[in-house]
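User: I would like to go through this model with a few questions on its strands, its core and some single residues. Please keep the answers short.

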Amino acid sequence: MTWSATARGAHQPDNTAFTQQRLPAWQPLLSASITLPLFFCAGLAFIGLGLGLYYSSNAIKELEYDYTGNPGTGNCSRCGVADQDRAPPPTCLCAWYFSLPELFQGPVYLYYELTNFYQNNRRYGVSRDDAQLSGLPSALRHPVNECAPYQRSATGLPIAPCGAIANSLFNDSFSLWHQRQPGGPYVEVPLDRTGIAWWTDYHIKFHNPPLVNGSLALAFQGTARPPNWPRPVYQLSTDPNNTGFINQDFVVWMRTAALPTFRKLYARIRQGNYSAGLPRGAYRVNITYNYPVRAFGGHKRIIFSSISWMGGKNPFLGIVYLVVGSLCILTGFVMLVVYIRYQDQNDEDEDQE
């Protein structure tokens, strides 16, 4: 045996059913009797699922109010006058009054919505330091370059938290009041502000730096607040379990949205006499107007919403299933017509033979 024959034999695959591709196989023959029922069954399944999703979405109640403050649009218009430049406007207070003729079924979620705000901008989306947000002391003092121009203050101190996302933190606040009887006093409705962030964000991604002598303020000593913030990060809340990098509002804001119009959860209404929802009666929402949006043509809304088994109100998925199901059934009918037409023609050709 020559060397070339030996080398050729060494590189040959084993003589097994698997390597020689002799395993038994099944290849379906897609005849009309198989394909047409598949199209019709898939279409009916998609339409049924789409109807369920669509009607579930429509059953969700929503109540919303645009409080951007454009001139002549209501109580908050005077606040919108101050919102003309990119600088934060002076704090302005306004209110939204509304009435409910019947029970607004709970659980009720309170959202704020922004429009024309591109959190999906590439440079905006990377303008953060995840190591700093995880509480690493070294990252706290040395923020990454992606945070620029919100990396260091004018005096050279590292900014905590750094980056454009943190600097643009939404800082309007709301309180809800209920007038149970006409002419009676307004009673504050308890808003549950806990557990509004994703579990993975709150428990895994975001941590405060180690305390210094039991003080969070000392842990952040030597850092500067973001330019647009009125107070440092360790003063975001008086609750020690909800301040610093683990503040719920801050964690919610740092999860950027994919679209320029987005909602973020502000609170749940599920405590006391409001666990079943919002009873009928008159209501007032007190709004602390801080966040500027008119400079970039945006709008601000507050939204009360219930939920269903599929989540919040969103008819898009149901409509998609209805469209796909209708296309499947339409395709099935077209194929059936083609099949019948050519089947008759084949039968005529066979008779002539």
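User: Which backbone oxygen lies 3.0 Å from a polar atom of the side chain of S168?

Analyst: The model is a predicted one. S168 is found in the loop between α7 (164-167) and β5 (173-179). A polar atom of its side chain lies 3.0 Å from a backbone oxygen, and that oxygen belongs to A164.

User: Is S168 buried or exposed?

Analyst: Beyond its neighbours within four places in sequence, S168 is in contact with F117, Y124, W253 and Y291. The cut-off for a buried residue is under 20% relative accessible area. S168 has a relative accessibility of 14%, so this residue counts as buried.

User: Which strands are at the edges of the open sheet that has the order β2-β9-β5-β6?

Analyst: This open sheet has 4 strands with antiparallel pairing. An edge strand pairs on one side only, and this holds for β2 (92-100) and β6 (186-189). Neighbouring strands here are turned by 30° against each other on average, direction ignored. The edge strands are therefore β2 and β6, each of which pairs on one side only.

User: How many bridges join β5 to β9?

Analyst: Strand β9 covers residues 281-289 and runs antiparallel to β5. Within this pairing, S173 stands opposite T288, while Q179 stands opposite A282. The number of bridges that join β5 to β9 is 7.

User: Which residue of β6 stands opposite H178?

Analyst: β5 and β6 pair in the antiparallel sense over 4 bridges. Their hairpin has 6 residues between the strands, and G183 takes a positive phi near 85° there. Opposite H178, the residue in β6 is V187.

User: How many of the 7 residues of β5 are buried?

Analyst: Strand β5 is largely enclosed by the rest of the structure. That description rests on the count of buried residues among its 7, which is 5.

User: Which strand gives the most residues to the largest nonpolar core?

Analyst: The largest nonpolar core has 61 residues, and L176, W253, L278 and F304 touch the most other members. The strand that gives the most to this core covers residues 108-114 and provides 6 residues. Its name is β4.

User: What is L176 in contact with, leaving aside its neighbours within four places in sequence?

Analyst: L176 is one of the residues that touch the most other members of the largest nonpolar core. Its contacts include L278 and F304, which are also named among those residues. The full list is F98, V187, E188, V189, L191, I269, L278, Y283, R284, V285 and F304.

User: Which strands stand at the edges of the open sheet in the order β1-β10-β4-β7?

Analyst: This open sheet is formed by 4 strands, and the pairing is antiparallel. Two of them have a single partner strand, so one side of each is left without a neighbour in the sheet. The twist from one strand to the next averages 20°. The strands at the edges are β1 (62-66) and β7 (262-269).

User: Which residue of β10 stands opposite Y112?

Analyst: β4 and β10 (residues 300-305) run antiparallel and are joined by 6 bridges. Opposite Y112, the residue in β10 is I302.

User: Which backbone oxygen lies 3.0 Å from a polar atom of the side chain of R268?

Analyst: R268 has its place in strand β7 and is buried, with a relative accessible area of 14%. Not counting residues up to four places away in sequence, R268 touches V108, Y109, P190, L191, D192, T194, G195 and I196. One of these provides the backbone oxygen at 3.0 Å, namely G195.

User: Which backbone oxygen does the side chain of N247 reach at 2.9 Å?

Analyst: N247 is found in the loop between α9 (216-219) and α10 (248-254), and is buried with a relative accessible area of 5%. A polar atom of its side chain also lies 3.2 Å from the backbone nitrogen of D249. The backbone oxygen reached at 2.9 Å is that of N242.

User: Which residues does the UniProt annotation "transmembrane region" cover?

Analyst: The annotation comes from an unreviewed UniProt entry and covers two spans. In the model, residues 34-55 are 100% helix, with end C-alpha atoms 32 Å apart. Residues 316-340 are likewise 100% helix, with end C-alpha atoms 36 Å apart. The annotated residues are 34-55 and 316-340.

Methods: Residues numbered from 1 in each chain as written. Predicted model: local features only at pLDDT ≥ 70, side-chain atom pairs only at ≥ 80, totals over all residues. Heavy atoms only, no water. Helix = DSSP H or I, 4+ residues; strand = E, 2+ residues; numbered from the N terminus. Buried < 20%, exposed > 50% of the residue type's maximum accessible area, 1.4 Å probe, protein only. Polar contact = N/O pair within 3.5 Å; in protein donor to acceptor, adjacent residues only side chain to side chain. Contact = heavy atoms within 4.5 Å. Pairing = 2+ DSSP bridges. Axes fitted to C-alpha atoms, helices over the stretch in contact; angles between N-to-C directions. UniProt positions renumbered as here; feature names shortened; annotations may be inferred. Core = buried A, V, L, I, M, F, W, Y, C linked by side-chain atoms within 4.5 Å.
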